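Here is a short report on how two chains sit together and on one sheet. Keep the 3D view open while reading.

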Number of protein chains: 2
Amino acid sequence: VDELLLIPGPTPVPVSVRQAQAGPMMNHRSEPFAQILREVLGGLRWLCATRQPVLPYASSGTGALEAAVTNVLSPGDRVLALSCGAFGDRFARIARSYGAEVTKIDVEWGKAIPPDLVAHALEQDEYRALLVTHNETSTGVQNDLTAIAAARGNHPALLLADAVSSLAAIPLEMDAWGLDVVATASQKALRCPPGVAFVAASERAWAAHREARMPRYYWDFTITRDALEQSLAQTPFTPPVSIFYALQEGLRLIRNEGLQEGLARHRMLGRATRAGIAAMGLRSVADEPCASWAVTAVWLPDGVSAGQIVCPMRDQHGIALAGGQGQLEGKVFRIGHLGSVYPADILRCLEALERVLRSLGLTVPEEAGVRAAQQLFDEEAAGVA
Amino acid sequence: VDELLLIPGPTPVPVSVRQAQAGPMMNHRSEPFAQILREVLGGLRWLCATRQPVLPYASSGTGALEAAVTNVLSPGDRVLALSCGAFGDRFARIARSYGAEVTKIDVEWGKAIPPDLVAHALEQDEYRALLVTHNETSTGVQNDLTAIAAARGNHPALLLADAVSSLAAIPLEMDAWGLDVVATASQKALRCPPGVAFVAASERAWAAHREARMPRYYWDFTITRDALEQSLAQTPFTPPVSIFYALQEGLRLIRNEGLQEGLARHRMLGRATRAGIAAMGLRSVADEPCASWAVTAVWLPDGVSAGQIVCPMRDQHGIALAGGQGQLEGKVFRIGHLGSVYPADILRCLEALERVLRSLGLTVPEEAGVRAAQQLFDEEAAGVA
């Protein structure tokens, strides 16, 4: 039996997606590959709800964040980084590495970024860009990107969104919400292996790009777009061909499920996970209104280390969970419910977690977690929720 | 029947390597993945003949070149770029993009970089680095890196080598030759799918890195090394897990064949390819002494376009060849004999090429190409060559 991968990424890769990778290698500058490229990038435009081109990169999600920053900014530009966790901190660090003058606002880990704080902060300076993490994987908090975009109002700051762990798990509408750059990657809700990241830019961001002087070559939007727009669509540098085979299949699965249905499933899995842990006496780091549809961070019970939960879950129950990151290391463990994860997986996880907690001497009402989650699934199935 | 991929990369991926990718996704921060990472990086150290750590990146080979440049140089540094083709030009362009003061010496395409030219050029300025493409894929020329490294003598310039299409196809000994940075990638002689690139740096390069001020985050050597050196070896950003499965198997195949045996095979395939095309009345762009073991660029016969050869080779014979790049576009076609390519593949290619040439109205002695190549294979098998 394969390990059940409930970390916040990479996520479980369905068998058909895994096997798609085993196809024969092909010429990446050929019509058959151009067709795959167009299909995959078309799928990403649909998921991002944008009319803009989506640019692919051979990289992790962090590479996409670096591409977002370096393509629309110049050294010395004032940037407002809103951080509520480790990935928000990373976004800010990337901008600083390239010479942006970054003002970072740290929201307490476990809380979401308050949209009024954004409106207020933007009044203080001539910011060129606003960095926001849509889903903060380290704390299990999702930010209200719609409200943050609305709070920006007519301020000219570009809104750069880290959607690495949110796209296709949490609603995101790039054009309708006025997001200027959206960055994402293959190994989260796209249910594909890691190796390809994507960036889309608004017309305003493309205009900024033409003036932006941060150094770049590999990440350069223009170089990538020019290659894609050739009569034979291609990437400027060799793409991860086999991961594109996987993306083609992964997107097919997403279309088959339906995007709205997939988003609803993520919402349901998040609710069921939180209901389950609450019934076992554990607490989610995130408050309910901002709790992530993609990952749940759970406070460790007093006197229990992350390893005391993560290790037996893995070794005795075959379930991979994650520990904490940054400030939350040693304080939380995390359950990913992202990508190709279904109710049965969450029930299996909660059942195993109950045994682990009990083996640590904690008092857990019998089957409380599983029952609470099951009840939620039943209600959703009955259309009650 | 799968297409026979004789382009200069991606190269044919053996079935066992392709299938390795289909394994279940795993936690990239776990002991099982750490073992794969250590095994793969150990294999790369062996191939590079270095005691230095090898750093992996989720990227194409171009990303590794960018990592090489940005980690050891500062804006304004004087850099000597030796270019004899499209990839030499690209290496120079990357250094310029990040603010290096680049002096580019253009060697005629089809010729190798003369080592005395290097010695002479280095005397002219206080260069901080020397950029060299080991195997110039665009022209089918391999440079004599040993002689170039020797020509540098005691000059303090760091020698940055693009070994993307050379490593494991053409001899390279990083430590013995005194190379300071070696950059390579998964999709060439490593016979794996594209998606992972590697960089190794000498002690001098690591010392330069500590002072180097070109901006970087994703490519930062220190960030990557620190993650690898944790008790649980890992990459700082999500690695392309399934490509690492492929690399594990690809390296196993390379060890099974033997590195020296594999290098000898590439040398033989290059000689046989050139013997074959010569016998059909075609000419290699590269002179014999510097002709690449990995790829052969062939001058197009008068009045024949690259498409007139590449298209029927692909559509009627199932063999992918490449056209020309840059200055050589419309003047040459290219045959890759790199990675998992064997004598039977070259014979099949030459046989098909003969038919295509004849269908274009060219006079080709019957079976001349195949016989010349076969004779060379026979001689090598008999130990004559």
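## Symmetry of the pair

To compare the copies, they are superposed by least squares on the C-alpha atoms of residues with pLDDT of at least 70 in both. The model is predicted. A turn of 180 degrees, with a shift of 0.0 Å along the axis, lays chain A on chain B. The RMSD of that fit is 0.0 Å. The two copies are thus related as by a two-fold rotation axis.

The same surface serves both copies. Of the contact residues of chain A, 100% recur in chain B. To find the axis in the view, start from A:Ser59. Its C-alpha lies 2.5 Å from the rotation axis, and no residue of chain A comes closer.

## Extent of the interface

On chain A, 46 residues are in contact with chain B, and on chain B 46 residues are in contact with chain A. Together the chains bury about 3,700 Å². Carbon and sulfur atoms give 63% of that area.

Which three residues supply more than any other three of the area that chain A buries against chain B? They are A:Met25, A:Tyr217 and A:Tyr218, with 18%.

## Contacts and composition

How many salt bridges are counted between chain A and chain B? The count is zero. Polar contacts are found, however: eleven residue pairs across the interface, both residues at pLDDT 80 or more.

Four helices of chain A each supply at least two residues of the side that touches chain B. They are H1 (15–20), H3 (61–72), H4 (86–97) and H10 (241–257). H4(A) gives the most, with four residues. By class, this side of chain A has 24 nonpolar residues, 16 polar and six charged.

## A three-strand sheet in chain B

Now turn to a sheet within chain B. Three strands form an open sheet here, in the order E11-E14-E13. The pairing is antiparallel. Strands of a sheet pair through backbone hydrogen bonds, either parallel or antiparallel.

Strand E11 (295–299) and strand E13 (322–323) of chain B stand at the edges. Each has a single partner strand, so one side of each is left without a neighbour in the sheet. E11(B) pairs with strand E14 (residues 332–336) of chain B over five bridges, in the antiparallel sense. To check the register, look at B:Val298, which stands opposite B:Phe333 in E14(B).

Definitions and conventions. Residues are numbered from 1 along each chain as its sequence is written. Chains are lettered from A and ligands numbered from 1 in the order in which they are written. This is a predicted model: local features need pLDDT of at least 70, side-chain atom pairs count only at pLDDT 80 or more; totals for chains, interfaces and linings use all residues. Side-chain values use heavy atoms; hydrogens and water are left out. Contact means heavy atoms within 4.5 Å. Buried area is the accessible area (1.4 Å probe) that two parts lose on being put together, summed over both. A salt bridge is a side-chain nitrogen of Lys or Arg within 4 Å of a carboxyl oxygen of Asp or Glu. A polar contact is a pair of N or O atoms within 3.5 Å; within protein, one must be able to donate a hydrogen and the other to accept it, and residues adjacent in sequence count only if both atoms are side-chain atoms. Ala, Val, Leu, Ile, Met, Phe, Trp, Tyr, Cys and Pro count as nonpolar, Asp, Glu, Lys and Arg as charged, and the others, Gly among them, as polar. Two strands pair if DSSP finds at least two bridges between them.
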